[in-house]
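Grab a coffee and open the viewer. Below are some short exercises to work through, each with its solution.

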Amino acid sequence: MIWEDLNEDLIMPELEAGSSEEVFQQLGGLLVSGGYCKTSYVDALKEREKDFPTGINMGSIGIAIPHTDKEHVIKGAVAIGVLKEPVHFYQMGTNDENVSAKLIFMLAVKDPKEHLVFLQRILMILQDQEVLEKLTKTRNKQEIIEIIKEKEKQL
């Protein structure tokens, strides 16, 4: 369950950023300062995003699920950012389709086998437009965890 791995210290419900790089700095910085990732993590995110974009258009709300290789991770975690204003990412699998991401799920995955499981779980949760709406509207860290927990119970 994703919600079991969530930590309020890694949630930014009112993230202000003007670019994906600023998102990486702020959310990735939380993972580094929290001891989840090495100092190389943020730069590795930026580099990986150039070759493997992580934006996903989920209908009315764009999301991004940035992550990088395990050698930059100390222990697994998920950082969540809800942007005040959407930030440009490229659509996963392309380098020319824009996604205005409002919701960021940043993964620090130590075990590559867990990587796909985490992605699948997150996508199952975020396919629900009502859940997306709730997540982007709340400003409460604990409520973000509860929304995810409730949705996971339904799956």
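The exercises that follow use a predicted model.

**Exercise 1. Classify the aromatic pair.**
Find the aromatic pair in the structure and decide whether it is stacked, tilted or edge-to-face.

*Solution.*
- Step 1: A search of the whole structure turns up one aromatic pair. Its rings belong to F24 and F89, and their centres are 6.0 Å apart.
- Step 2: Rings count as a pair when their centres lie within 6.5 Å, so 6.0 Å qualifies.
- Step 3: Now the angle. The planes sit at 75°, and anything over 60 degrees counts as edge-to-face. So the F24–F89 pair is edge-to-face.
- Step 4: Place the two residues. F24 belongs to helix α1 (residues 20-33) and F89 to strand β4 (residues 77-90), so this pair links distant parts of the chain, 65 residues apart.
- Step 5: Check the surroundings: F24 and F89 are both buried.

**Exercise 2. Check two helices with a ruler.**
Work out what helices α1 and α5 should span at 1.5 Å a residue, and compare with the model.

*Solution.*
- Step 1: Use 1.5 Å times one less than the number of residues.
- Step 2: Helix α1 has 14 residues, so it should span 20 Å; the end C-alpha atoms are 19 Å apart, which agrees.
- Step 3: Helix α5 (residues 141-154) also has 14 residues and an expected span of 20 Å; here the end C-alpha atoms are 21 Å apart, which agrees too.
- Step 4: Look at the helix boundaries. At the start of α5, a side-chain oxygen of N140 comes to within 2.9 Å of the backbone nitrogen of Q142. Just after α1, G35 has a positive phi of about 85°.

**Exercise 3. Map what the helices pack against.**
List the buried residues of α1 and α5, then say which elements they pack against.

*Solution.*
- Step 1: In α1, the buried residues are S20, V23, F24, L27, G28 and L31.
- Step 2: Those α1 residues pack against β1, α2 (41-51), β4 and β5.
- Step 3: In α5, the buried set is I144, I145, I147, I148, K149, K151 and E152. Note that K149, K151 and E152 are on that list.
- Step 4: The α5 set packs against β1 (11-15), β4, β5 (98-108), α3 (112-126) and α4 (129-137).

**Exercise 4. Buried, partly exposed or exposed?**
Sort T68, Q91 and M124 by relative accessibility, and name their contacts.

*Solution.*
- Step 1: Under 20% is buried, over 50% is exposed, and partly exposed is in between.
- Step 2: T68, in the loop between β3 (62-64) and β4, has a relative accessible area of 10%, so T68 is buried. Leaving out residues up to four places away in sequence, T68 touches Y41, A44, L45, R48 and L107.
- Step 3: Q91, in the loop between β4 and β5, comes in at 19%, so Q91 counts as buried. With that same sequence filter, Q91 touches P53, G55, I56, N57, E97 and V99.
- Step 4: M124, in helix α3, has 43% relative accessibility, so M124 counts as partly exposed. Beyond its neighbours within four places, M124 contacts K151 and L155.

**Exercise 5. Find a lysine over a ring.**
Which ring does K75 lie over, and at what distance from the ring centre?

*Solution.*
- Step 1: K75 lies over the face of Y36.
- Step 2: The distance from the ring centre is 5.0 Å, and the cut-off is 6 Å.

How values were computed: Residues numbered from 1 in each chain as written. Predicted model: local features only at pLDDT ≥ 70, side-chain atom pairs only at ≥ 80, totals over all residues. Heavy atoms only, no water. Phe/Tyr/Trp six-rings, centres within 6.5 Å; stacked < 30°, edge-to-face > 60°. Helix = DSSP H or I, 4+ residues; strand = E, 2+ residues; numbered from the N terminus. Buried < 20%, exposed > 50% of the residue type's maximum accessible area, 1.4 Å probe, protein only. Lys NZ or Arg CZ within 6 Å of the ring centre and 35° of its normal. Contact = heavy atoms within 4.5 Å. Polar contact = N/O pair within 3.5 Å; in protein donor to acceptor, adjacent residues only side chain to side chain.
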